Amino acid sequence: MSIFNWFRKKKEQPKGIITRYRGNVIARMLWGESIDDYMYENIDDRKDICPICHNTLGHIPNQSVVIHNRNWDLSTTYDGYWIISEKFYDFCKEGNYKNLRIIPLSNSKGLYYFEPMDIFGLDYELYGTKYINKRDCCGSYDEIIKPPVIKAKDFNIESNDFIMKSGTLFGPHEKKIFTIIIGNETAKKMKAYGIKNIYFKKIYDPNGLKIINIEVNRKIWD
Ligand SMILES: [Zn+2]
């Protein structure tokens, strides 16, 4: 084998796998913008993290936070809290969406902490969500990577107009965040209502889902 061939062969070795899905899109994962703000300046003020390992266990917003960037209808802080605008709040109210935890931020008028309370079942195993370093102190993980884009087989939903969340928090340490999952109809309504800078990712029905793995000659982020 010439040096050239050897070099090329080595270069052609796949370093990662990109997975593509083809199937029935049953819901959407909803994302917004990230903002240059923290909900808590000081991690010691947080009551929603484990006092020993500092991993996020839930979300208790700091109601007196000052959010500087007020441009977005839906955004996330560095430390993993969802924030919505007055417009987003009105959309939820007018649409009569149930079980939403919406808390006004008194020093950031017109902005609210946002958390849907109903859980959309996702297939973590089939999707290959990674759990890194389980802690004995509280049972949390130091990092959970990749929110699934596949609905759980045993989770049934009749409506296509809802706002829910993932049952798992994703990301590292004290920056963990749940994902928001909405109905296909809800996604259309949000756009039509004029809610801006929002992004959708497809959530697939596991029935009839085709999973296509493509080997690629470069490193994949995860
Ligand atoms: Zn802990």
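Biologist: In which loop is the place of N96?
Modeller: This is a predicted model, so we read the position from its computed elements. One flank of the loop is helix α2, residues 86-94, and the other is β6. N96 therefore has its place in the loop between α2 and β6.

Biologist: Is N96 buried or exposed?
Modeller: Let's count neighbours together. N96 has 7 C-beta neighbours inside 10 Å. A residue with 12 or fewer is called exposed. Because its count is 7, N96 is exposed.

Biologist: What is the phi of N96?
Modeller: N96 is not a glycine. Even so, its phi is positive, at about 60°.

Biologist: K146 also has a positive phi, so is K146 buried, partly exposed or exposed?
Modeller: K146 sits in the loop between β9 (141-145) and β10, and its phi is near 80°. The residue has 13 C-beta neighbours inside 10 Å. Buried needs 20 or more and exposed needs 12 or fewer. Because 13 falls in between, K146 is partly exposed.

Biologist: Back to β6: which residue in β7 stands opposite I102?
Modeller: Strand β6 covers residues 100-104 and β7 covers residues 111-116. The two pair in the antiparallel sense over five bridges. Across from I102, in β7, stands F114.

Biologist: Which residue takes a positive phi in the hairpin of β6 and β7?
Modeller: This hairpin has six residues between its strands. A positive phi near 85° is taken there by G110.

Biologist: Which strands are the edges of the open sheet β10-β12-β2-β13?
Modeller: The four strands come in the order β10-β12-β2-β13, with antiparallel pairing. An edge strand pairs on one side only. That description fits β10 (163-165) and β13 (199-204).

Biologist: By how much are neighbouring strands of this sheet turned against each other on average?
Modeller: Here the direction of the strands is ignored. The average turn between neighbours is 35°.

Biologist: Which helix packs on the sheet?
Modeller: The helix in question spans residues 184-193 and touches β2 (25-31), β10, β12 and β13. Its direction makes about 45° with that of β2. The helix is α4.

Biologist: Which residue in β12 stands opposite M164?
Modeller: Three bridges join β10 to β12 (residues 180-182), and the two strands run antiparallel. Opposite M164, in β12, is I181.

Biologist: Stepping back, what percentage of the residues of the protein count as buried?
Modeller: The protein comes to four helices and 14 strands, and its C-alpha trace spans about 70 × 40 × 35 Å along the principal axes. Of its 222 residues, the share that counts as buried is 30%.

Terms used:
Residues numbered from 1 in each chain as written. Predicted model: local features only at pLDDT ≥ 70, side-chain atom pairs only at ≥ 80, totals over all residues. Pairing = 2+ DSSP bridges. Axes fitted to C-alpha atoms, helices over the stretch in contact; angles between N-to-C directions. Contact = placed C-beta atoms within 7 Å.
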